[in-house]
Amino acid sequence: MSVATQDTALRTGRVSRAFIYLFLLLMALFYLLPFGIMVINSLKPLSEITGGNMMSLPQVWTLDAWRSTWSTAQIGVEPTGMRPYFWNSIKMVVPAVAISTVLGALNGYVLTKWRFRGDTILFGLMLFSCFIPFQIVLIPMARVLGLTGLAGSTTGLILVHVVYGIGFSTLYFRNYYAVFPTELVRAAMMDGAGFFRIFWRILMPSSGPITVVCIIWQFTNIWNDFLFGASFADFDSQPITVALNNLVNSSTGVKEYNVHFAGAIYAALPTLLVYIVAGRYFVRGLMSGSVKG
Amino acid sequence: MSFLKIDNVTKRYGAVEVLHRVDIDVQQGEFLVLVGPSGCGKSTLLNMIAGLEEISSGTIAIKDKPMNGVHPSQRNIAMVFQSYALYPNMTVGKNITFGLEMHGVPKAERDAKLGKVADMLQITPLLDRKPGQLSGGQRQRVAMGRALVRDPDVFLFDEPLSNLDAKLRVDMRTEIKKLHQRLGTTIVYVTHDQIEAMTLSTRIAVMNGGYIQQLGTPREIYDTPNNIFVAAFMGSPSMNLLDAVIRLDGDDAAVEIADGDGAPVTLPLPIPAARLQGRDGTKVVLGIRPEAITDPDGADKSANTVVALKNVIDVTEPAGSDTFVTTTMAGKDVIGRMRADAHVHAGDNADLAINMDKAVIFDPKTEDRIV
Amino acid sequence: MASAPAQADLRTRLQNFIPKLVLAPSVAVIFLFVYGFIIFTLYLSFTDSRILPSYNLVGFENYSKLFRLSHWTTSITNLAIFASLYIGISTLIGLALATFLDQKIRGEGLLRPIYLYPMALSFIVTGTAWKWLLDPGIGLEHTMHLWGWESFQFGWIKNSDYAIYTVVLAAVWQSSGFVMAMFLAGLRGIDNEILKAAQMDGASNFQMYRRIILPQLRPAFLSAFVILSHLAVKSYDLVIALTGGGPGRATELPATFMYSYTFTRNQMGIGASSAVIMLMTIAAIMVPYLYAELREKK
C-alpha cells in the first residue's frame, strides 16, 4: 500500500470534520480495547480480576501471571508452562519460512524470466492452492504423515507448512519479478551469465523488499496456524497456538484469567513484534495477497 | 561474402507467423537500420540475431557460421537495450566488465579494456557510481561502453535513443554515428523513428506487418519508395498522396488531378509516354513530397519539369527555417514547404511551383510504385 | 522450410532445461499434496470410510446422509449468516475508515497501524480476548454493572440464538482494518486530476463519491469480497477459541463440522464429503477470479 498521502481535493466542513475525527477515534478504541484490556489484566493478581473491574488499572502490579504462564502453568496434563510450545513454534517456523521463501523466489524467477508454454496455467494451479480449505487435505495428509513416520513431529509440520506456503511465496516473487526489467536478464544472458548467476547477481540484489514481505507473511501465517498444529502435532511438536487453546479450555477448577491473558500475549508477541518493526512490509504483504500485479 | 547473413528467416508464435521469410545480407562495417511501426517485427528480428528468441525457420549466420541455437553469449555480439538495462546494484565499472568477467577474462585485462573504453566515451569519472546516479545521456554512454568493451563482431541497438529528450537524442545520434565512423563496426539498429533511420544508416530495411517492404540506401528509400507504405512512412511531413488519372498524348505523359475548386489540372511527367503504355485514363496515386511543392522562387532551379499553378492556402505553419503551407488538391490536404520568407497567408490564392521530377506514381490496387 | 534449424548447442539446451528442473519440485509437491489429496478426499467421500479410509464405493450415500444431518444444515446456515454479515460489515467499516482517513487526517500514521494490528494476531488469540470480553460474568456486562448501569445485558455468547453474531463481531474486529488498507490503497490510486475536474464540473462531495470514486474502487471491492469470503469458508480457529462451536451447536461451521465428524466421530466418509462441499464453494468464487486476474496480465 502506498502510504504517501495526497491532496484529495475534497473539502469538508467543520462539523463533518469533527464527526470524522470522532468516528476514527472510536474505531481506534474498538480495535485497541480487547488486546489492551488483556495486557492490563495480565498484570493483575487473579483476585483483582474476578472481584474487580476489568477496565481499572491494577492496584498491585505483578508479573506473576507472566512468570507462571511461561514455566509452570498446566497445559493439557503437564504443568510445563508455555515455554516448550513457544520453542516448538520457533523450531517449526524458522525452517518452514526459510524453505518456502527460497522456493518461492526461484519459482517466481522461473515463471517470469524463463517463461515456457503453460507457465500461466501452472502458476494458476499453484495460486489456487493458497485458497483451498485445508479440510480437503487433512485426511490424506494425516495418512501420509503416518506412513512416513512424520506424524507428530516438527519435521512433519515443517513439510506441511512448506507445501501450503509455496503458493503465496511464489505469488509474491512472481508479481515482483514480473515488473523487474526483463532487459536486465537479457543483457546478463548476453554477457554470458547462466541461470543461477543471473538470479544471484542480478535479481537477488534487488529482491530485498519482497523477501522481507514474503518472510513476514509466511512467518505470521505459520506462527498463527492452528488447524495443522491441532491435527498433526503431539506434545513434542505442538505449536503455541494449540497450547494456548489447551491452556484456556482445559483448565479445571478456577479459571486463571490472568494466566490465560499472559498466554495469549506470549502467543501474539512474535507476530506483533514483527508487525511493529516491519508493519509497512506487513501491509504490503497483505495487499499483494489480494490485489495481484 | 556477407558478414551477417539473414537467410529466409521466419518467426512463428504457435500458429501465428509474425515474420515472413526475411532475407538481408549485411556487409562488414555496414550500419543497417531496421525501421517500421510498432509490431512490424523489427525487434523480433533483432532478438533473433541476438539469440534471445528462437528462429522458427531459416538461418542467421555471422561470418559464415550459422548461429541458430547458439547461446547469445557465444555469438560474439553485443547489444544496447532500449532501457539500457544497466545492472542497478553494480557500479558503472562493474557493469561494463561484467560480461568479460563471465567470459573468464583476467582482472588485469578487464581493467585495461575498461580504461580504454571509458576514455573513448569520456565516462572515466563515473566509473565508481551506480547507474541510479547517472543522467539519461550518461547511462546511454555506459550501455555503449558495455557493448564496446566486448569488441564484438556485430553491435545490436534496440531503440537506444527513445528514452532521451529531444535535444539529447540529436546529440547522441551524432555520437553513435561518429563512433561507427571511427571504429568501422558492423551495426544493426532498430528504431521506429524514420529520421534516425535516415541520418544514421548506410542501409535501411523498412518493415511492416512482418515483411521487409524495402531494403536500400537512405536515398533510394526516400526518393524511390517501393510502395505507398514506404512512401508514407519515411519523411516528415509525410509524402502527399493524391488520387490522379494518367493522360497520355503522343510522347508526352501527364497526370490529371483536381485542384482546390475541383477543376482538373494537368501535371506533366518527366518521362516518355512509352513507360506508361496502355495506362491512359487509368487511376493512379500521385506521390509528391512537401519539399517539391514550393513558392515559385523557392523551386529547384536544376529541375526539368516544374509546374506553376495557383491554389488557395488554408493554413500556414512557420517553422522558422521553412514555412509549411496546407492547401487542398484532389479533395485532400496537401502540404507544401516554402522558404521562411515567402509571403503567403491563409486565404491567399498563392502561386505554387510543383517539381514533377520528384513525383512518384503508385498503382492504387497493388500500392506498388509504377514510376 | 528452406533449412532445418541447426541443433542448439549444449549450453543453450542446458539453460533451457535448468528452469524447469528448478520449478519441478514445487510443481510435484503441489500436484501431490494439493491436487492429489483433493482427488483422494473426493474418492473417500464416495466410500464407506469410518475410522480409517476404506475403498468401498457407496455412491452418493455420504452426500445424501450429510444433507439430512441437522448438524450439517445448522453449519451451513451459520456459515451463510456468518459470511454475509462478516463480509458486509467488514466492507462497510473498511470503506468508512478508508474514506475518512483519506481526508488529510492528522495522526493518520498513528491510526492506521491501530486499525491493522489485529490482522497480525492468531485467531486463537483473538478468540481468547473476545471470549472473555463477551463473558457476561466478568467482561463488558459485568463492568457496566459495576459502573452503575445495572440493567445492561450483553450475554450473546451464552445465547444459542445470538452466539453466531459474537463470532461475526470478533472476525470483523480482526479483518476490517485489512479491508481499510485495501480501500485506502485504491483511493490513493485515483488520479487526483479527475477529482479536480469533477469539482470544477460542480459535483458535490457525495456525488463525487457515488459517481466517480466508488466506481473506481471496483477492483478493491472485488478483492475484498474474494479474500473475505474464502476466509469465511475456512473459518475454524476462531470458532474453536471463541465458542467451541457452542452453546450446543449454535456456532458450528462447516470447518468445525468436518473436523469433528472425521476425527472425533469417526465418520470419515461424511467428513470427506463435507470437505468437498467446502472446496466447491471456494472454487466457485476463486476460480473465476483467478482466471480473470491471470488472463488480464497477458
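Here is a short back-and-forth about a predicted model, mostly about chain B.

User: Let's start with the overall picture of chain B. How many helices and strands are there in chain B?

Analyst: Chain B has eight helices and 20 strands. Its C-alpha atoms fill a box of roughly 75 × 45 × 35 Å along the principal axes. Of its 371 residues, 42% count as buried. Among contacts in chain B with a separation of 6 or more, 65% are between residues 24 or more positions apart.

User: What makes Gly69(B) count as partly exposed?

Analyst: Gly69(B) has 16 C-beta neighbours inside 10 Å. Buried needs 20 or more and exposed means 12 or fewer, with partly exposed in between, so a residue with 16 gets the middle label. As for where it sits, Gly69(B) is in the loop between strands S5 (65-66) and S6 of chain B. Glu54(B) is 15 residues away from Gly69(B) in sequence, and the C-alpha to C-alpha distance is 7.3 Å.

User: Why is strand S19 of chain B called largely enclosed?

Analyst: Count its residues: S19(B) runs over 349-355, and five of the seven are buried, so the rest of the structure largely encloses it.

User: How do you know which strands pair with S19(B)?

Analyst: Pairing takes at least two bridges. S15(B), residues 293-294, has two bridges to S19(B), running antiparallel, so that pair meets the cut-off. Within it, Thr294(B) stands opposite Ala353(B). S16(B), residues 306-318, is joined to S19(B) by seven bridges, again antiparallel. There, Leu309(B) faces Leu352(B), and Val306(B) has Asn355(B) as its bridge partner.

User: What is the strand order in that sheet, and what makes S15 and S18 of chain B its edges?

Analyst: The order is S15-S19-S16-S17-S18 in chain B, an open sheet of five strands with antiparallel pairing. S15 and S18 (332-339) each have a single partner strand, so one side of each has no neighbour in the sheet.

User: What makes S12 and S13 of chain B a pair, and how many residues lie between them?

Analyst: Seven bridges join S12(B), residues 252-258, to S13(B), residues 264-272; at least two are needed, so they count as paired. The two strands run antiparallel, and Asp252(B) has Pro272(B) as its bridge partner. They form a hairpin with five residues between them, and Gly262(B) in the turn has a positive phi of about 90 degrees.

User: Which domains does chain B have, and how do they touch?

Analyst: The domain assignment gives domain 1 (4-233) and domain 2 (241-362). Their C-alpha centres lie 39 Å apart. Six residues from domain 1 and five from domain 2 make the contact. On the domain 1 side, four are nonpolar, two are polar and none is charged.

User: Why is the largest nonpolar core said to lie between those two domains?

Analyst: Both domain 1 and domain 2 of chain B give residues to this core, so it lies between them. The core has 283 residues, and Leu34(B), Leu156(B) and Val188(B) touch the most other members. The element giving the most to the core is helix H7 (residues 163-188) of chain C, with 16 residues. Back in chain B, beyond its neighbours within four places in sequence, Leu34(B) has contacts that include Leu45(B), Leu46(B), Val188(B) and Met207(B).

User: Where does chain B touch chain A, and which class of residue is missing from the chain B side?

Analyst: The contact involves 17 residues from chain B and 13 from chain A. In chain B, strand S6 (77-80) and helix H2 (92-102) are the elements that give two or more residues, and H2(B) has the largest share, at three residues. The chain B side has 11 nonpolar and six polar residues, with no charged ones.

User: How confident is the predictor about chain A, and where is confidence lowest among its helices H2 and H4?

Analyst: Chain A has a mean pLDDT of 85, with 91% of its residues at 70 or more. Confidence is lowest in helix H2 of chain A (residues 46-51), at a mean of 79, and highest in helix H4 of chain A (residues 83-113), at 93. Residues 1-7 of chain A have a pLDDT below 50, though the stretch makes 14 contacts in the model beyond near neighbours in sequence. Where pLDDT is low, the predicted coordinates shouldn't be read in detail.

Definitions and conventions: Residues numbered from 1 in each chain as written. Chains lettered and ligands numbered in written order. Predicted model: local features only at pLDDT ≥ 70, side-chain atom pairs only at ≥ 80, totals over all residues. Contact = placed C-beta atoms within 7 Å. Helix = DSSP H or I, 4+ residues; strand = E, 2+ residues; numbered from the N terminus. Nonpolar A, V, L, I, M, F, W, Y, C, P; charged D, E, K, R; others polar. Domains from an automatic or database assignment. Core = buried A, V, L, I, M, F, W, Y, C linked by C-beta atoms within 7 Å. pLDDT = per-residue confidence, 0-100.
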